[in-house]
Amino acid sequence: MNAQLFAQIANAVQSSSVHGWLVIDRDYKIVFVNDAFCRLWHIDRENLLDKSLLDIFYNGNKKDKNDSYHGPLIETIDTGREFPLMEACLSNHYDNSYIWYLASTFLLREPETEPRYAVGVYVPIDKFKMIEARLDGINISIIKAFCKAIGIRDTYTKQHSEHVAALMVELAEFMEMPREGVTIAYLAGIVHDVGKLGVPERILNKPGLLNDNEYESIKRHAITGADILADINGFDTIASIVRHHHERFDGRGYPVGLAGDAIPIYSRMLAVCDAYDAMTTARCYREPYPVRQALDEIQRCSGTQFDPEISEAFIRFMEQSRIKTDLQDLAT
Ligand SMILES: [Fe+2]
């Protein structure tokens, strides 16, 4: 890259230490990268400079199986189309975590020559805030009111719902669901236990075994939750997912006894995420399961309580994600 261009970029970059900057040439070779970009993706500069962007992030391919460009920067250098602020998600090459970001891209122009470089500016964003931003204002206020009500009534259920929503999002991304699917997964996770507002507190937090009547009262939370949500405009799908989140793959669950694919896919995902979080969280009556033991339990119940494909995806995702570090810690 010539000195003048380099100076232009260096000037711009200095004013923005939190934004990752990357410059590629027409062969997708990375010719410039700033410290913020390296920090963002946990990659050393020497593993990026003079390497192909395609090789590092996209296995050498510039398009995915749907013939869409993998990233806005590649599209910009190929087609000249520039993006002001594009929402995107990238798998971290080294630890398989996901990073959500807004990318702005533009071509670097020199007077009277064809553009030879494209610049990408990346800003990390909070994915939950972004999912919430996609919902309309009224619905997000309703969801927030529910979360508050759940939290006032029962701190454990509020925290559990947030954990489950986070797991649902990660699992949906791992299963390569479309963006709308990730949003549904998030919403279903946040509200799945809203029906517990209808369960008496002495039963909800009872430390010992429940008698038959108490157990029936707990079981009703799936239907109660669905009935509450069905009254919200546009929430029919979420209501149905919540109604069936305690069904079992073998048909021995509640409230209806649906089996296999007859259970909505998000309910089958919820069953696994819900059980995992319940097992790995401390309760007043028991210690939390270690991660490995909880995953073994999901494996053991795969095909009976849980959908085998979803169980397998969940276990793979947990093993490959950040949790992997925890597992390695446990193994040593
Ligand atoms: Fe539940």
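**Figure 1. Val23 and its partner across the strand 1–strand 2 hairpin.** In this predicted model, Val23 has Phe32 of strand 2 as its bridge partner. Strand 1 and strand 2 (residues 30-33) are antiparallel and share 3 bridges. The hairpin has 4 residues between its strands. Tyr28 in this hairpin adopts a positive phi near 65°.

**Figure 2. Strand 1 and its pairing with strand 5.** Strand 1 covers residues 20-25 and is mostly covered, with 6 of its 6 residues buried. In a regular strand, side chains alternate between the two faces of the sheet. Gly20, Leu22 and Ile24 point one way from strand 1. Trp21, Val23 and Asp25 point the other way. Both sets are buried. Strand 5 (residues 117-124) runs antiparallel to strand 1, and 6 bridges join the two. Gly20 sits opposite Tyr122 of strand 5.

**Figure 3. The iron ion and its four protein ligands.** Asp193 coordinates the iron ion through OD, while His221, His245 and His246 each do so through NE2, at 2.3 Å. Along the chain, the donors are spaced as D-x27-H-x23-H-H. His221 and His245 link distant parts of the chain and lie 24 residues apart. His221 belongs to helix 11 (residues 221-230). His245 lies in the loop between helix 12 (236-243) and helix 13 (265-280). The 4 donor atoms subtend angles of 83 to 171° around the iron ion, so the arrangement is irregular. A tetrahedral site would need all angles between 85 and 135 degrees.

**Figure 4. Burial of two iron ligands.** His221 has a relative accessibility of 1%, so this residue counts as buried. His245 is buried too, with a relative accessible area of 1%. The cut-off for buried is under 20% relative accessible area.

**Figure 5. The crossing of helix 7 and helix 15.** Helix 7 spans residues 155-174 and helix 15 spans residues 308-320. Their axes come within 10 Å and cross at roughly 100°. The two helices are therefore roughly perpendicular to each other. Helix 7 makes the contact with Leu167, Glu170, Leu171 and Phe174. Helix 15 contributes Ile310, Ala313, Phe314, Arg316, Phe317, Met318 and Gln320.

**Figure 6. The surroundings of His70.** His70 is found in the loop between helix 3 (53-58) and helix 4 (72-79). At 31% relative accessibility, His70 is classed as partly exposed. Beyond its neighbours within four places in sequence, His70 contacts Tyr58, Asn61, Lys62, Lys63 and Asp64. Ala88 is 18 residues from His70 in sequence. The C-alpha atoms of His70 and Ala88 are 9.6 Å apart.

**Figure 7. The protein chain as the setting for the close-ups.** The chain has 16 helices and 5 strands. Of its 332 residues, 46% count as buried. Among contacts with a separation of 6 or more, 54% involve residues 24 or more positions apart.

Notes: Residues numbered from 1 in each chain as written. Predicted model: local features only at pLDDT ≥ 70, side-chain atom pairs only at ≥ 80, totals over all residues. Heavy atoms only, no water. Donors = N, O, S within 2.8 Å, 3.2 Å for Na, K, Ca; no water. Tetrahedral: all angles 85-135°; square planar, octahedral: opposite > 155°, others 65-115°. Buried < 20%, exposed > 50% of the residue type's maximum accessible area, 1.4 Å probe, protein only. Pairing = 2+ DSSP bridges. Axes fitted to C-alpha atoms, helices over the stretch in contact; angles between N-to-C directions. Parallel < 35°, antiparallel > 145°, perpendicular 65-115°, else oblique. Contact = heavy atoms within 4.5 Å.
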